[in-house]
Each structure stands twice: as C-alpha cells, then as structure tokens.
Amino acid sequence: MRVVTISATYGTAGSVIGPAVAGRLGVPFLDRAIPGTVAVELGCSLEEVLAHDDRAEHGLARLL
C-alpha cells in the first residue's frame, strides 16, 4: 500500500490539490482520518478533537 501525504499551509489550496492528486493516482483521499478516529475512540465530537489537534501544552500545564 502506498501513502502520499500533503501538507497544506493556509492559503495554498490544499483542499483542492489533495483530492485532485488522489484522483489522479486512483487512490482514496483521506482528510482528517486520524482526528476522526480519535473522536470515535474517545466518544466526542470531531470539533472537540480538532480544537486540541497539534496543540502542545505550555508552562505549568505542561508540567502537570
């Protein structure tokens, strides 16, 4: 199985380019697959998971 990852910085049309590349390669396009799975596993909404996606704790909260 092959995997292609595309990092899309805001304003780079990643939401257009990603599906187009997947279609051209004939493979499924998965967007937010990991956060979606985490939401299901935790029993919370995707919005709650995305609110904490890639967020590192800082200062005292990190120590705790």
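**Close-up views of a four-helix predicted model**

**View 1. Helix α1 from end to end.** Helix α1 takes in residues 14-25, which makes 12 residues, and its first and last C-alpha atoms lie 16 Å apart, close to the 16 Å expected at 1.5 Å a residue. Please keep in mind that this is a predicted model. Confidence in the protein chain is highest in α1, where the mean pLDDT is 90.

**View 2. The two faces of α1.** Which residues of α1 are buried? They are G14, G18 and A22. These residues sit on the same side of α1, because they cover an arc of only 60 degrees around the axis. A general rule helps here: an α-helix has 3.6 residues a turn, so residues three or four places apart point the same way. Now look at the face of α1 turned away from the buried side: the exposed residues V16, G23 and R24 are found there.

**View 3. Backbone on either side of α1.** Let us begin with A13, which belongs to the segment before α1. A13 is not a glycine, and yet its phi is positive, at about 65 degrees. Is A13 buried or partly exposed? Its relative accessible area is 40%, so A13 counts as partly exposed, a class that runs between 20% and 50%. Just after α1 comes G26, and this residue also has a positive phi, of about 75 degrees.

**View 4. A nonpolar patch on the surface.** Six residues to look for here are V4, I6, V16, I17, L25 and V27, which form a nonpolar patch on the surface. Together they have about 530 Å² of accessible area. V16 is a residue you have already met, on the face of α1 turned away from its buried side. Another member of the patch, I6, is found in the segment before α1. With a relative accessibility of 43%, I6 counts as partly exposed.

**View 5. Stepping back to the chain.** How many helices and strands does the protein chain have? There are four helices and zero strands, and the pattern along the sequence reads α-α-α-α. The protein chain has 64 residues, and 9% of them count as buried. Its accessible surface comes to about 5,900 Å², with 58% of that belonging to carbon and sulfur atoms.

**View 6. Where to read the model with more care.** The protein chain has an average pLDDT of 82, and 83% of the residues score at least 70. Where is confidence lowest? That place is helix α4, residues 59-63, with a mean of 64.

Notes. Residues are numbered from 1 along each chain as its sequence is written. This is a predicted model: local features need pLDDT of at least 70, side-chain atom pairs count only at pLDDT 80 or more; totals for chains, interfaces and linings use all residues. Side-chain values use heavy atoms; hydrogens and water are left out. Helices (H or I, at least four residues) and strands (E, at least two) are DSSP runs, numbered from the N terminus. The expected span of a helix is 1.5 Å times one less than its number of residues. Buried means under 20% relative accessible area, exposed over 50%, partly exposed in between (1.4 Å probe, protein chains only). The arc is that of the directions from the helix axis to the C-beta atoms. pLDDT is the predictor's confidence in each residue, from 0 to 100. Patches are made of residues with over 30% relative accessible area and no salt bridge: like charges are joined within 9 Å, nonpolar side chains (Val, Leu, Ile, Met, Phe, Trp, Tyr) within 5 Å. Accessible areas come from the Shrake-Rupley method with a 1.4 Å probe; for residues, only the protein chains shown count as cover. A salt bridge is a side-chain nitrogen of Lys or Arg within 4 Å of a carboxyl oxygen of Asp or Glu.
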